[in-house]
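Look at the model below and find the places where the chain leaves empty space. The paragraphs after it go through those spaces, then a helix, a buried residue and some unusual points in the backbone.

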Amino acid sequence: MTIVEEATDAHLLRFPEGFRWGAATASYQIEGAAQAEGRSPSIWDTFARTPGKVDGGHTGDVACDHYHRYADDVALMADLGLGTYRFSVAWPRIKPDGSGPVNPRGLDFYDRLVDALLAAGITPMVTLYHWDLPQVLEDRGGWTNRDTAYAFAELAAATVARLGDRVSTWTTLNEPWCSAFLGYASGAHAPGRQDPRASFEATHHLLLAHGLGVSALRAGGAREVALTLNLTRVTPQDPVDPHDRAAAALVDGLQNRIFLDPVLKGRYPDDMRELFDRFGAAGTIHEGDAAVIAAPIDLLGVNYYQPCVVAAQVGAPPNPCYPGSEGVVYPAQDVPVTAMDWPVDPSGLADLLVRLSVDYPGTPLIVTENGASYVDTLVDGRVADANRIEYLDGHVRAVHDAIRRGADLRGYLAWSLLDNFEWAYGYDKRFGLVYVDYATQRRVPKDSALWFRDVIRRNGLTP
């Protein structure tokens with residue numbers, strides 16, 4: 001699937017046969033039903049109720065009410081022609097105590113969802129952890145506690161035992177960088193801690209959880225196992241300046257290689273291992289952990305939103321998200337930005353996919369998230385989001401270019417199916433292909449959804 005077939009129409013960019021098209025969501029962002037049928041509080045329930053942590057004081061208590069409206073949402077997916085739907089399960093629904101007994105009512109919901117997807121001809125892709133750690137586990141140390149990794153393996157075993165006969169593709173973790181560094185270093189995400197040492201401890205335990213989860217999934221008969229990372233192209237402002245190049249290497253290590261290398265090369269990069277030592281977290285790494293973490297995977301999920309440009313500047317304080325990044329700054333890029341003020345540069349996605357195929361050969365790739373937030377307005381039953389179409393079109397073309405350049409890319413999933421609870425930004429940032437009126441829960445496919453439907457139908461792009 002690394003060769004792009006050109007259609008007889010010279011203007012149509014055709015994707016490989018069997019290319020996976022779909023969309024993605026996350027449990028806390030859309031499900032609602034926060035107290036339904038035995039679900040316990042997650043760290044995001046606690047964080048959202050902490051004054052000043054989430055814009056507008058918003059919570060995920062109701063969100064998109066997907067828990068009760070999933071059948072209508074599946075019908076909407078079918079109307080849009082989605083072939084794959086990536087969703088996450090809520091750990092607090094399945095194991096309200098974090099570990100120990102399974103709550104069968106929690107798994108019942110995912111049973112119903114999977115059956116509805118399959119009946120609609122949509123392939124389910126399950127993510128086991130998309131940040132909603134049970135609060136009871138955080139009370140015991142969260143991801144700084146090694147036991148949490150073993151509790152995750154129990155979650156994996158219980159979930160695959162229930163759904164594995166119908167779900168073939170499983171993802172262990174979504175964006176462990178965010179869990180570790182936004183959750184434990186900068187405090188911008190739940191659980192809101194600001195402790196660099198804790199962020200490195202969390203990094204290792206998340207990776208250990210991944211490896212243990214792979215083994216549990218394999219034992220349960222999972223046919224395709226993946227890990228999803230949020231990755232980016234990191235470039236120096238001045239490619240010739242050795243200080244800028246060193247700054248870029250450091251940030252690339254903290255964003256990309258600290259997760260990629262242990263999973264796909266069997267060891268931490270030397271510069272990242274030095275940071276474990278510097279922040280007192282080296283003791284977190286036990287003998288034998290490397291082999292567990294490096295358990296083979298079948299697919300690497302890539303979440304991409306923006307590129308990163310860095311420069312060296314003497315005396316600059318460290319970015320709270322990147323402990324150890326003193327002397328590094330992030331110059332503004334001369335490109336358009338989204339409503340999140342994230343720079344838009346599709347070439348970053350193409351370059352990243354090619355780099356992954358070169359540096360980590362042998363592991364097929366799939367874009368598991370890519371999308372943009374813009375200010376959307378519903379007028380006469382329509383959301384004319386031309387800026388989102390332009391964003392998606394540019395990035396899908398970048399995906400096509402990456403395949404042409406040799407990247408072994410198997411699919412593209414847009415973020416997100418629905419407008420939803422956008423973590424610390426609450427409901428004020430909209431990423432969805434489908435507009436959600438939160439007061440009425442009415443769903444309205446945006447122009448971008450209709451554009452994406454046509455891309456899927458053609459398995460390609462027109463000019």
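The lining of the largest pocket in this predicted model divides into 25 nonpolar, 10 polar and four charged residues. The pocket holds about 1,000 Å³ of space. Its lining is made up of 39 residues, and those nearest the centre are Trp177, Leu182, Gln255, Gln306 and Trp342. Two elements, α8 and β9 (308-312), each supply at least two residues of this lining. The largest share comes from α8, which gives three residues.

The second largest pocket has a volume of about 160 Å³. Around it are Pro336, Val337, Val344, Pro346, Tyr374, Asn387, Glu390, Tyr391 and Gly394. Sorted by class, this lining has six nonpolar residues, two polar ones and one charged one.

Other spaces are closed off. Rolling a probe the size of a water molecule over the atoms shows where empty space is left. How many cavities of 30 Å³ or more does the structure hold? There are three of them, and the largest has a volume of about 60 Å³. The residues that line this largest cavity are Ile43, Trp44, Tyr129, Trp131, Trp143, Cys178, Ser179, Tyr184, His189, Ala190 and Pro191. The elements that give two or more residues to this lining are α2 (43-48) and α8 (176-184). Helix α8 provides the largest share, three residues. Helix α8 therefore gives the largest share to the lining of the largest cavity and also to that of the largest pocket, where helices are numbered from the N terminus. By class, the cavity lining has nine nonpolar residues, two polar residues and no charged residues.

Three residues in that cavity lining, Trp131, Ala190 and Pro191, also have a place in the account of the backbone. The peptide bond from alanine 190 to proline 191 is cis, and its omega is near 10 degrees. Proline 191 belongs to the loop between α8 and α9 (196-219). Tryptophan 131 is not a glycine, yet its phi is positive, at about 85 degrees. This tryptophan is in the loop between β4 (123-129) and α6 (135-138). Is tryptophan 131 buried or exposed? Tryptophan 131 counts as buried, because its relative accessibility is 6% and the cut-off for buried is under 20%.

Two further backbone points lie in other loops. Aspartate 65 also has a positive phi without being a glycine, here of about 50 degrees. Its place is in the loop between α2 and α3 (66-79). Aspartate 65 has a relative accessibility of 14%, so it counts as buried. The second point is a cis peptide bond, from tryptophan 415 to serine 416, with omega near 0 degrees. Serine 416 is found in the loop between β12 and β13 (434-437).

Next, consider a single residue inside a helix. Threonine 159 lies in helix α7, which runs over residues 147-163. Why does threonine 159 count as buried? The reason is that its relative accessibility is 0%. The side chain of threonine 159 reaches the backbone oxygen of leucine 155 at a distance of 2.8 Å. Apart from neighbours within four places in sequence, threonine 159 is in contact with Val89, Ile94, Leu107, Leu128, Gly164 and Trp170.

The last stop is helix α15, made of residues 447-458. The helix has 12 residues and reaches 17 Å from its first C-alpha to its last, close to the 16 Å expected at 1.5 Å a residue. Which residues of α15 are buried? They are Asp447, Ser448, Ala449, Trp451, Phe452, Val455, Ile456 and Arg458. Several elements are included in what covers these buried residues. Among the strands are β1 (13-14), β2 (20-24), β12 (409-415), β14 (442-445) and β15 (460-461), and the cover also includes helix α14 (386-404). After α15 comes asparagine 459, whose phi is positive, near 50 degrees.

Conventions
Residues numbered from 1 in each chain as written. Predicted model: local features only at pLDDT ≥ 70, side-chain atom pairs only at ≥ 80, totals over all residues. Heavy atoms only, no water. 1 Å grid on protein atoms, 1.4 Å probe; cavity = no way out; pocket = protein on both sides within 12 Å on 5 of 7 lines; lining within 4 Å. Points joined across faces, edges and corners; volume = space filled by probe spheres on them. Helix = DSSP H or I, 4+ residues; strand = E, 2+ residues; numbered from the N terminus. Nonpolar A, V, L, I, M, F, W, Y, C, P; charged D, E, K, R; others polar. Expected span 1.5 Å × (residues − 1). Buried < 20%, exposed > 50% of the residue type's maximum accessible area, 1.4 Å probe, protein only. Contact = heavy atoms within 4.5 Å. Polar contact = N/O pair within 3.5 Å; in protein donor to acceptor, adjacent residues only side chain to side chain.
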